[in-house]
Amino acid sequence: MLISKLRKESLYSQVLLYIIVSAGIALVIYGTAVFYLSNYLQDHSSRPKIVEQDSKKYARRLQRFIEVHELERTDIEKIARWNQINWYVSLKIYRKDIVYFDSFLYYANWKNRKNGKVTKGFGWDETSRPTFEYPIQFQDGEANLLISGDYFYQYEMMISFASFAIFLTTFLICFIFLCRRRFGYIDEIHKGLERMNREEPGYRINLKGNDELTCLAAYINVMNASIQNQRKLEQEMIEKNQEVIAAISHDIRTPLTSVICYLDFLKDCRYESQEMMRRYVENARTRAYQIKGMTEELFERSVRKERQEAFNWEVLDGNELISQVISEMYFTLQENGFHSDFNYNLKEAFEINVDVIAFRRVFDNITSNILKYADPTLPVFLHVEIKGENLFIVEKNIKSAELYVESTGIGLYSSKKIVSQHRGEMEVKNEGYYFEVSIKFPVIEK
(Lines give C-alpha, C1' and ligand atoms only; values in the text may rest on other atoms or scores of the structure.)
Protein backbone atom coordinates (compact mmCIF):
# COMPACT_ATOMS: atom_id res chain seq x y z
CA MET A 1 0.00 0.00 0.00
CA LEU A 2 2.84 2.40 0.87
CA ILE A 3 4.70 1.73 -2.37
CA SER A 4 1.57 2.26 -4.48
CA LYS A 5 1.21 5.76 -3.00
CA LEU A 6 4.73 6.77 -3.99
CA ARG A 7 6.06 8.21 -7.26
CA LYS A 8 3.85 11.27 -7.38
CA GLU A 9 6.99 12.98 -8.69
CA SER A 10 9.19 11.75 -11.52
CA LEU A 11 12.94 11.66 -11.05
CA TYR A 12 13.28 12.41 -14.76
CA SER A 13 11.15 15.56 -14.38
CA GLN A 14 13.18 16.64 -11.37
CA VAL A 15 16.48 16.20 -13.21
CA LEU A 16 15.11 18.05 -16.26
CA LEU A 17 13.99 20.92 -14.02
CA TYR A 18 17.42 20.98 -12.34
CA ILE A 19 19.07 21.17 -15.79
CA ILE A 20 16.85 24.07 -16.88
CA VAL A 21 17.38 25.98 -13.64
CA SER A 22 21.15 25.34 -13.69
CA ALA A 23 21.38 26.41 -17.35
CA GLY A 24 19.38 29.59 -16.62
CA ILE A 25 21.61 30.54 -13.70
CA ALA A 26 24.73 29.70 -15.74
CA LEU A 27 23.52 31.87 -18.64
CA VAL A 28 22.93 34.84 -16.33
CA ILE A 29 26.37 34.48 -14.79
CA TYR A 30 27.86 33.86 -18.25
CA GLY A 31 26.34 37.08 -19.61
CA THR A 32 27.45 39.04 -16.55
CA ALA A 33 30.96 37.63 -16.80
CA VAL A 34 31.22 38.41 -20.52
CA PHE A 35 29.99 41.96 -19.92
CA TYR A 36 32.40 42.78 -17.10
CA LEU A 37 35.34 40.91 -18.64
CA SER A 38 34.81 42.66 -21.99
CA ASN A 39 34.57 46.06 -20.32
CA TYR A 40 37.68 45.41 -18.29
CA LEU A 41 39.71 44.26 -21.31
CA GLN A 42 38.33 47.13 -23.42
CA ASP A 43 39.48 49.60 -20.82
CA HIS A 44 42.79 47.79 -20.36
CA SER A 45 43.57 47.54 -24.09
CA SER A 46 42.79 51.23 -24.71
CA ARG A 47 45.33 52.59 -22.25
CA PRO A 48 48.09 54.49 -24.09
CA LYS A 49 50.90 52.49 -22.56
CA ILE A 50 49.20 49.21 -23.39
CA VAL A 51 48.39 50.37 -26.94
CA GLU A 52 52.06 51.30 -27.44
CA GLN A 53 53.21 47.91 -26.10
CA ASP A 54 50.76 46.04 -28.37
CA SER A 55 51.75 48.14 -31.38
CA LYS A 56 55.43 47.38 -30.80
CA LYS A 57 54.55 43.66 -30.32
CA TYR A 58 52.69 43.42 -33.64
CA ALA A 59 55.40 45.43 -35.43
CA ARG A 60 57.94 42.82 -34.29
CA ARG A 61 55.64 40.03 -35.45
CA LEU A 62 55.33 41.65 -38.89
CA GLN A 63 59.10 42.01 -39.08
CA ARG A 64 59.57 38.29 -38.29
CA PHE A 65 56.97 37.42 -40.91
CA ILE A 66 58.87 39.50 -43.52
CA GLU A 67 62.19 37.90 -42.59
CA VAL A 68 60.85 34.36 -42.65
CA HIS A 69 59.21 34.80 -46.03
CA GLU A 70 61.97 37.06 -47.40
CA LEU A 71 59.49 39.69 -48.55
CA GLU A 72 60.16 42.78 -50.57
CA ARG A 73 58.28 46.05 -50.26
CA THR A 74 56.21 45.20 -53.32
CA ASP A 75 54.92 41.84 -51.93
CA ILE A 76 51.61 43.43 -51.11
CA GLU A 77 49.51 40.20 -51.29
CA LYS A 78 51.56 38.45 -48.63
CA ILE A 79 51.50 41.49 -46.38
CA ALA A 80 47.72 41.67 -46.88
CA ARG A 81 47.43 37.99 -45.90
CA TRP A 82 49.21 38.69 -42.60
CA ASN A 83 46.92 41.68 -42.09
CA GLN A 84 43.84 39.51 -42.71
CA ILE A 85 44.92 37.18 -39.93
CA ASN A 86 45.50 40.12 -37.60
CA TRP A 87 42.47 41.98 -38.88
CA TYR A 88 42.19 44.35 -35.92
CA VAL A 89 45.61 45.90 -36.80
CA SER A 90 45.87 48.77 -39.33
CA LEU A 91 49.10 49.06 -41.32
CA LYS A 92 50.67 51.62 -43.61
CA ILE A 93 54.01 50.84 -45.17
CA TYR A 94 55.69 53.62 -47.08
CA ARG A 95 59.01 55.08 -48.05
CA LYS A 96 59.12 58.85 -48.41
CA ASP A 97 55.99 59.66 -50.43
CA ILE A 98 55.56 56.19 -51.89
CA VAL A 99 52.86 54.12 -50.14
CA TYR A 100 53.44 50.37 -50.63
CA PHE A 101 50.56 49.12 -48.46
CA ASP A 102 47.65 50.80 -46.71
CA SER A 103 45.05 48.69 -44.88
CA PHE A 104 42.29 51.15 -45.55
CA LEU A 105 43.19 51.69 -49.18
CA TYR A 106 43.62 47.99 -49.72
CA TYR A 107 40.42 46.82 -47.98
CA ALA A 108 38.07 49.83 -47.98
CA ASN A 109 39.43 51.99 -50.76
CA TRP A 110 39.71 54.76 -48.16
CA LYS A 111 42.33 57.41 -48.69
CA ASN A 112 43.94 58.98 -45.71
CA ARG A 113 45.97 61.78 -47.17
CA LYS A 114 46.03 65.49 -46.51
CA ASN A 115 47.25 67.79 -49.28
CA GLY A 116 48.70 64.71 -50.96
CA LYS A 117 51.00 63.91 -48.00
CA VAL A 118 51.08 60.91 -45.66
CA THR A 119 49.44 61.53 -42.29
CA LYS A 120 49.96 59.71 -38.97
CA GLY A 121 46.35 59.74 -37.82
CA PHE A 122 44.01 57.20 -39.39
CA GLY A 123 41.40 54.64 -38.31
CA TRP A 124 38.25 52.72 -39.21
CA ASP A 125 34.99 54.53 -39.62
CA GLU A 126 36.79 57.83 -39.33
CA THR A 127 37.72 57.02 -35.72
CA SER A 128 41.23 58.12 -34.81
CA ARG A 129 43.47 55.80 -32.82
CA PRO A 130 46.97 56.27 -31.49
CA THR A 131 49.44 55.53 -34.27
CA PHE A 132 53.09 54.55 -33.89
CA GLU A 133 55.86 54.53 -36.44
CA TYR A 134 58.65 51.99 -36.59
CA PRO A 135 61.36 51.26 -39.17
CA ILE A 136 60.91 47.94 -40.91
CA GLN A 137 63.42 46.08 -43.05
CA PHE A 138 62.56 44.29 -46.33
CA GLN A 139 64.84 42.33 -48.63
CA ASP A 140 65.07 45.26 -51.01
CA GLY A 141 65.56 47.97 -48.42
CA GLU A 142 64.12 49.78 -45.42
CA ALA A 143 60.61 51.25 -45.12
CA ASN A 144 58.50 53.01 -42.54
CA LEU A 145 55.62 51.31 -40.74
CA LEU A 146 52.68 53.15 -39.33
CA ILE A 147 50.69 50.78 -37.08
CA SER A 148 47.51 51.20 -35.10
CA GLY A 149 44.72 48.90 -34.02
CA ASP A 150 41.85 48.01 -31.76
CA TYR A 151 43.82 45.48 -29.71
CA PHE A 152 40.83 44.56 -27.60
CA TYR A 153 39.82 42.02 -30.26
CA GLN A 154 42.96 39.99 -29.69
CA TYR A 155 41.30 38.87 -26.47
CA GLU A 156 38.19 37.51 -28.20
CA MET A 157 39.34 33.90 -28.11
CA MET A 158 40.37 34.21 -24.48
CA ILE A 159 37.01 35.76 -23.61
CA SER A 160 35.20 32.93 -25.41
CA PHE A 161 37.12 30.19 -23.59
CA ALA A 162 36.87 31.95 -20.22
CA SER A 163 33.15 32.58 -20.67
CA PHE A 164 32.51 28.97 -21.68
CA ALA A 165 34.51 27.75 -18.67
CA ILE A 166 32.49 30.05 -16.40
CA PHE A 167 29.23 28.84 -17.95
CA LEU A 168 30.17 25.15 -17.65
CA THR A 169 31.51 25.49 -14.10
CA THR A 170 28.44 27.44 -12.97
CA PHE A 171 26.12 24.92 -14.60
CA LEU A 172 27.85 21.95 -12.96
CA ILE A 173 27.98 23.61 -9.54
CA CYS A 174 24.29 24.54 -9.68
CA PHE A 175 23.25 21.12 -11.00
CA ILE A 176 25.26 19.25 -8.37
CA PHE A 177 23.94 21.59 -5.66
CA LEU A 178 20.33 21.00 -6.73
CA CYS A 179 20.86 17.23 -7.08
CA ARG A 180 22.95 16.80 -3.94
CA ARG A 181 20.02 15.52 -1.86
CA ARG A 182 19.07 12.86 -4.39
CA PHE A 183 22.72 11.93 -4.98
CA GLY A 184 23.17 11.73 -1.22
CA TYR A 185 20.07 9.54 -1.02
CA ILE A 186 21.62 7.14 -3.56
CA ASP A 187 24.66 6.87 -1.28
CA GLU A 188 22.33 6.30 1.70
CA ILE A 189 20.59 3.48 -0.18
CA HIS A 190 24.00 1.96 -0.99
CA LYS A 191 25.09 2.09 2.65
CA GLY A 192 21.71 0.63 3.65
CA LEU A 193 22.28 -2.32 1.31
CA GLU A 194 25.70 -2.86 2.89
CA ARG A 195 24.13 -2.92 6.36
CA MET A 196 21.46 -5.33 5.17
CA ASN A 197 24.19 -7.50 3.66
CA ARG A 198 25.78 -7.62 7.13
CA GLU A 199 22.40 -8.99 8.30
CA GLU A 200 21.60 -6.21 10.75
CA PRO A 201 18.17 -7.26 12.04
CA GLY A 202 15.31 -4.87 11.53
CA TYR A 203 17.29 -2.26 9.59
CA ARG A 204 15.23 -0.16 7.18
CA ILE A 205 16.26 2.54 4.72
CA ASN A 206 14.59 5.85 5.50
CA LEU A 207 12.13 6.90 2.81
CA LYS A 208 12.90 10.39 1.55
CA GLY A 209 11.15 12.18 -1.28
CA ASN A 210 8.45 10.80 -3.49
CA ASP A 211 10.09 9.54 -6.68
CA GLU A 212 11.70 6.43 -8.20
CA LEU A 213 14.54 6.44 -5.66
CA THR A 214 11.99 6.44 -2.84
CA CYS A 215 10.20 3.52 -4.51
CA LEU A 216 13.51 1.70 -4.86
CA ALA A 217 14.25 2.17 -1.15
CA ALA A 218 10.73 0.99 -0.27
CA TYR A 219 11.08 -2.14 -2.43
CA ILE A 220 14.47 -2.87 -0.86
CA ASN A 221 12.90 -2.59 2.61
CA VAL A 222 10.09 -4.97 1.57
CA MET A 223 12.54 -7.48 0.10
CA ASN A 224 14.79 -7.27 3.16
CA ALA A 225 11.82 -7.87 5.47
CA SER A 226 10.80 -10.84 3.31
CA ILE A 227 14.33 -12.24 3.43
CA GLN A 228 14.49 -11.78 7.21
CA ASN A 229 11.13 -13.54 7.61
CA GLN A 230 12.31 -16.34 5.35
CA ARG A 231 15.48 -16.75 7.38
CA LYS A 232 13.45 -16.75 10.58
CA LEU A 233 11.11 -19.42 9.19
CA GLU A 234 14.09 -21.49 8.04
CA GLN A 235 15.67 -21.22 11.49
CA GLU A 236 12.40 -22.19 13.15
CA MET A 237 12.07 -25.09 10.73
CA ILE A 238 15.60 -26.26 11.50
CA GLU A 239 14.93 -26.06 15.25
CA LYS A 240 11.62 -27.84 14.81
CA ASN A 241 13.31 -30.52 12.73
CA GLN A 242 15.96 -30.99 15.39
CA GLU A 243 13.28 -31.32 18.05
CA VAL A 244 11.47 -33.95 16.00
CA ILE A 245 14.69 -35.86 15.35
CA ALA A 246 15.50 -35.77 19.07
CA ALA A 247 11.95 -36.90 19.89
CA ILE A 248 12.08 -39.81 17.42
CA SER A 249 15.52 -40.84 18.70
CA HIS A 250 14.10 -40.81 22.21
CA ASP A 251 10.99 -42.76 21.19
CA ILE A 252 12.97 -45.53 19.54
CA ARG A 253 14.38 -46.70 22.87
CA THR A 254 11.10 -47.97 24.33
CA PRO A 255 10.08 -50.33 21.48
CA LEU A 256 13.69 -51.44 21.22
CA THR A 257 13.65 -52.39 24.90
CA SER A 258 10.43 -54.35 24.31
CA VAL A 259 11.99 -56.23 21.37
CA ILE A 260 15.02 -57.11 23.52
CA CYS A 261 12.74 -58.33 26.33
CA TYR A 262 10.66 -60.51 23.96
CA LEU A 263 13.82 -61.96 22.43
CA ASP A 264 15.23 -62.68 25.88
CA PHE A 265 11.99 -64.49 26.83
CA LEU A 266 12.17 -66.57 23.67
CA LYS A 267 15.87 -67.32 24.20
CA ASP A 268 15.28 -68.42 27.80
CA CYS A 269 12.07 -70.31 26.83
CA ARG A 270 10.09 -68.23 29.28
CA TYR A 271 6.71 -69.01 27.79
CA GLU A 272 4.03 -71.49 28.87
CA SER A 273 2.63 -72.47 25.49
CA GLN A 274 3.17 -72.26 21.77
CA GLU A 275 0.41 -69.66 21.63
CA MET A 276 2.33 -67.45 24.09
CA MET A 277 5.52 -67.95 22.07
CA ARG A 278 3.77 -66.90 18.88
CA ARG A 279 2.39 -63.85 20.69
CA TYR A 280 5.92 -62.95 21.83
CA VAL A 281 7.21 -63.32 18.29
CA GLU A 282 4.34 -61.28 16.84
CA ASN A 283 4.82 -58.54 19.43
CA ALA A 284 8.57 -58.44 18.77
CA ARG A 285 7.90 -58.34 15.04
CA THR A 286 5.38 -55.48 15.47
CA ARG A 287 7.87 -53.54 17.59
CA ALA A 288 10.64 -54.14 15.07
CA TYR A 289 8.49 -52.70 12.28
CA GLN A 290 7.69 -49.77 14.54
CA ILE A 291 11.42 -49.16 15.05
CA LYS A 292 11.96 -49.47 11.31
CA GLY A 293 9.30 -46.84 10.62
CA MET A 294 10.78 -44.45 13.15
CA THR A 295 14.33 -44.92 11.86
CA GLU A 296 13.12 -44.22 8.31
CA GLU A 297 11.43 -41.07 9.54
CA LEU A 298 14.60 -40.15 11.44
CA PHE A 299 16.64 -40.58 8.27
CA GLU A 300 14.23 -38.45 6.24
CA ARG A 301 14.33 -35.76 8.88
CA SER A 302 18.13 -35.75 8.89
CA VAL A 303 18.45 -35.22 5.12
CA ARG A 304 15.48 -32.90 4.54
CA LYS A 305 15.04 -29.36 5.85
CA GLU A 306 11.33 -29.32 5.42
CA ARG A 307 8.84 -32.10 5.86
CA GLN A 308 5.16 -31.97 6.55
CA GLU A 309 3.82 -34.49 9.00
CA ALA A 310 2.48 -37.33 6.87
CA PHE A 311 0.41 -39.76 8.92
CA ASN A 312 -0.94 -43.04 7.67
CA TRP A 313 -4.48 -42.63 8.95
CA GLU A 314 -6.57 -45.74 9.56
CA VAL A 315 -10.02 -46.31 11.06
CA LEU A 316 -9.52 -49.27 13.42
CA ASP A 317 -11.49 -51.15 16.01
CA GLY A 318 -10.90 -49.09 19.14
CA ASN A 319 -11.32 -51.95 21.66
CA GLU A 320 -8.78 -54.12 19.87
CA LEU A 321 -6.17 -51.36 19.47
CA ILE A 322 -6.51 -50.07 23.06
CA SER A 323 -6.43 -53.62 24.48
CA GLN A 324 -3.20 -54.33 22.61
CA VAL A 325 -1.31 -51.20 23.67
CA ILE A 326 -2.56 -51.39 27.27
CA SER A 327 -1.57 -55.07 27.48
CA GLU A 328 1.93 -54.30 26.19
CA MET A 329 2.24 -51.46 28.67
CA TYR A 330 1.07 -53.67 31.51
CA PHE A 331 3.41 -56.46 30.49
CA THR A 332 6.45 -54.16 30.27
CA LEU A 333 5.79 -52.64 33.71
CA GLN A 334 5.28 -56.06 35.28
CA GLU A 335 8.54 -57.35 33.83
CA ASN A 336 10.39 -54.37 35.30
CA GLY A 337 9.06 -54.89 38.81
CA PHE A 338 6.22 -52.38 38.84
CA HIS A 339 2.83 -53.09 40.35
CA SER A 340 0.11 -51.91 37.97
CA ASP A 341 -3.44 -51.07 38.92
CA PHE A 342 -5.21 -50.81 35.56
CA ASN A 343 -8.90 -50.04 35.36
CA TYR A 344 -9.79 -50.99 31.81
CA ASN A 345 -13.29 -52.01 31.03
CA LEU A 346 -14.56 -50.78 27.68
CA LYS A 347 -17.89 -52.37 26.90
CA GLU A 348 -18.90 -49.93 24.16
CA ALA A 349 -17.93 -50.76 20.61
CA PHE A 350 -16.15 -47.87 18.93
CA GLU A 351 -13.69 -47.04 16.18
CA ILE A 352 -10.76 -44.68 16.22
CA ASN A 353 -9.03 -42.84 13.37
CA VAL A 354 -5.30 -43.01 14.09
CA ASP A 355 -1.82 -43.49 12.77
CA VAL A 356 -0.94 -46.71 14.56
CA ILE A 357 2.80 -46.09 14.85
CA ALA A 358 2.36 -42.56 16.19
CA PHE A 359 -0.43 -43.74 18.53
CA ARG A 360 1.83 -46.43 19.97
CA ARG A 361 4.59 -43.89 20.51
CA VAL A 362 2.35 -42.02 22.95
CA PHE A 363 1.98 -45.06 25.19
CA ASP A 364 5.65 -46.01 24.73
CA ASN A 365 6.63 -42.56 26.00
CA ILE A 366 4.30 -42.90 28.99
CA THR A 367 5.77 -46.33 29.76
CA SER A 368 9.33 -45.05 29.37
CA ASN A 369 8.54 -42.14 31.69
CA ILE A 370 7.20 -44.54 34.36
CA LEU A 371 10.26 -46.80 34.10
CA LYS A 372 12.68 -43.91 34.52
CA TYR A 373 10.98 -41.75 37.14
CA ALA A 374 8.26 -43.69 39.03
CA ASP A 375 8.71 -45.40 42.40
CA PRO A 376 8.51 -49.17 41.70
CA THR A 377 7.37 -49.85 45.27
CA LEU A 378 4.13 -47.95 44.73
CA PRO A 379 1.36 -48.88 42.28
CA VAL A 380 0.95 -47.27 38.88
CA PHE A 381 -2.68 -46.35 38.14
CA LEU A 382 -4.21 -46.40 34.69
CA HIS A 383 -7.85 -45.61 34.02
CA VAL A 384 -9.50 -45.93 30.58
CA GLU A 385 -13.11 -45.05 29.77
CA ILE A 386 -15.44 -43.71 27.06
CA LYS A 387 -17.38 -40.53 27.73
CA GLY A 388 -19.59 -39.30 24.95
CA GLU A 389 -17.52 -39.12 21.77
CA ASN A 390 -14.14 -39.17 23.50
CA LEU A 391 -11.77 -41.77 24.87
CA PHE A 392 -10.20 -40.76 28.20
CA ILE A 393 -6.93 -42.27 29.44
CA VAL A 394 -5.47 -41.23 32.79
CA GLU A 395 -2.14 -42.50 34.17
CA LYS A 396 -0.93 -41.68 37.70
CA ASN A 397 2.25 -42.55 39.58
CA ILE A 398 4.48 -41.37 42.39
CA LYS A 399 8.01 -40.39 41.45
CA SER A 400 10.94 -42.07 43.13
CA ALA A 401 12.54 -40.09 45.93
CA GLU A 402 15.77 -42.13 45.91
CA LEU A 403 16.61 -42.13 42.20
CA TYR A 404 16.91 -38.77 40.51
CA VAL A 405 17.16 -38.75 36.73
CA GLU A 406 17.16 -35.45 34.88
CA SER A 407 14.35 -35.32 32.35
CA THR A 408 14.74 -33.70 28.92
CA GLY A 409 10.95 -33.56 28.46
CA ILE A 410 11.35 -34.69 24.83
CA GLY A 411 9.11 -37.74 25.27
CA LEU A 412 6.18 -35.79 26.72
CA TYR A 413 6.63 -33.00 24.16
CA SER A 414 6.51 -35.54 21.34
CA SER A 415 3.43 -37.21 22.85
CA LYS A 416 1.56 -33.91 23.19
CA LYS A 417 2.29 -33.12 19.59
CA ILE A 418 1.03 -36.51 18.38
CA VAL A 419 -2.16 -36.27 20.45
CA SER A 420 -2.78 -32.77 19.12
CA GLN A 421 -2.34 -34.01 15.55
CA HIS A 422 -5.00 -36.65 16.32
CA ARG A 423 -7.35 -33.78 17.30
CA GLY A 424 -7.01 -34.77 20.93
CA GLU A 425 -5.76 -33.15 24.12
CA MET A 426 -3.02 -34.09 26.59
CA GLU A 427 -2.40 -32.54 29.99
CA VAL A 428 0.46 -33.22 32.40
CA LYS A 429 0.48 -32.54 36.14
CA ASN A 430 3.93 -32.66 37.71
CA GLU A 431 3.66 -31.45 41.29
CA GLY A 432 6.33 -32.55 43.72
CA TYR A 433 6.36 -36.36 43.74
CA TYR A 434 2.94 -36.62 42.12
CA PHE A 435 2.76 -37.19 38.37
CA GLU A 436 -0.36 -37.49 36.21
CA VAL A 437 -1.03 -37.68 32.46
CA SER A 438 -4.55 -37.14 31.07
CA ILE A 439 -5.30 -37.89 27.41
CA LYS A 440 -8.49 -37.33 25.43
CA PHE A 441 -8.98 -38.88 21.97
CA PRO A 442 -12.03 -38.41 19.73
CA VAL A 443 -13.71 -41.73 18.81
CA ILE A 444 -16.27 -42.90 16.29
CA GLU A 445 -19.28 -44.71 17.75
CA LYS A 446 -20.42 -47.80 15.90
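Reader: With which residues is Ile439 in contact, leaving aside its neighbours within four places in sequence?

Author: In this predicted model, local features need pLDDT of at least 70 and side-chain atom pairs count only at pLDDT 80 or more, while totals for chains, interfaces and linings use all residues. Residues are numbered from 1 along each chain as its sequence is written, and side-chain values use heavy atoms, leaving out hydrogens and water. Contact means heavy atoms within 4.5 Å. The partners of Ile439 are Val362, Ile366, Leu391, Phe392, Ile393, Val419, Glu425 and Met426.

Reader: Which element supplies the largest share of the largest nonpolar core?

Author: Such a core is a set of buried (under 20% relative accessible area, 1.4 Å probe, protein chains only) Ala, Val, Leu, Ile, Met, Phe, Trp, Tyr and Cys residues joined through side-chain atoms within 4.5 Å. Among its 35 residues, Phe359, Leu391 and Ile439 touch the most other members. Several DSSP runs (helices H or I, at least four residues; strands E, at least two) each supply at least two residues, including α8, β10 and β13. The largest share, seven residues, comes from α9.

Reader: Which are the edge strands of the open sheet of five strands?

Author: Strands pair if DSSP finds at least two bridges between them. The order is β8-β10-β11-β13-β12, with mixed pairing. Those pairing on one side only are β8 (340-344) and β12 (425-431).

Reader: At about what angle does helix α8 run to β8?

Author: Axes are lines fitted to C-alpha atoms, for helices over the stretch in contact, and angles run from 0 to 180 degrees between N-to-C directions. Helix α8 (residues 318-335) lies across β8, β10 and β11. Its angle to β8 is about 170°.

Methods:
Buried means under 20% relative accessible area, exposed over 50%, partly exposed in between (1.4 Å probe, protein chains only).
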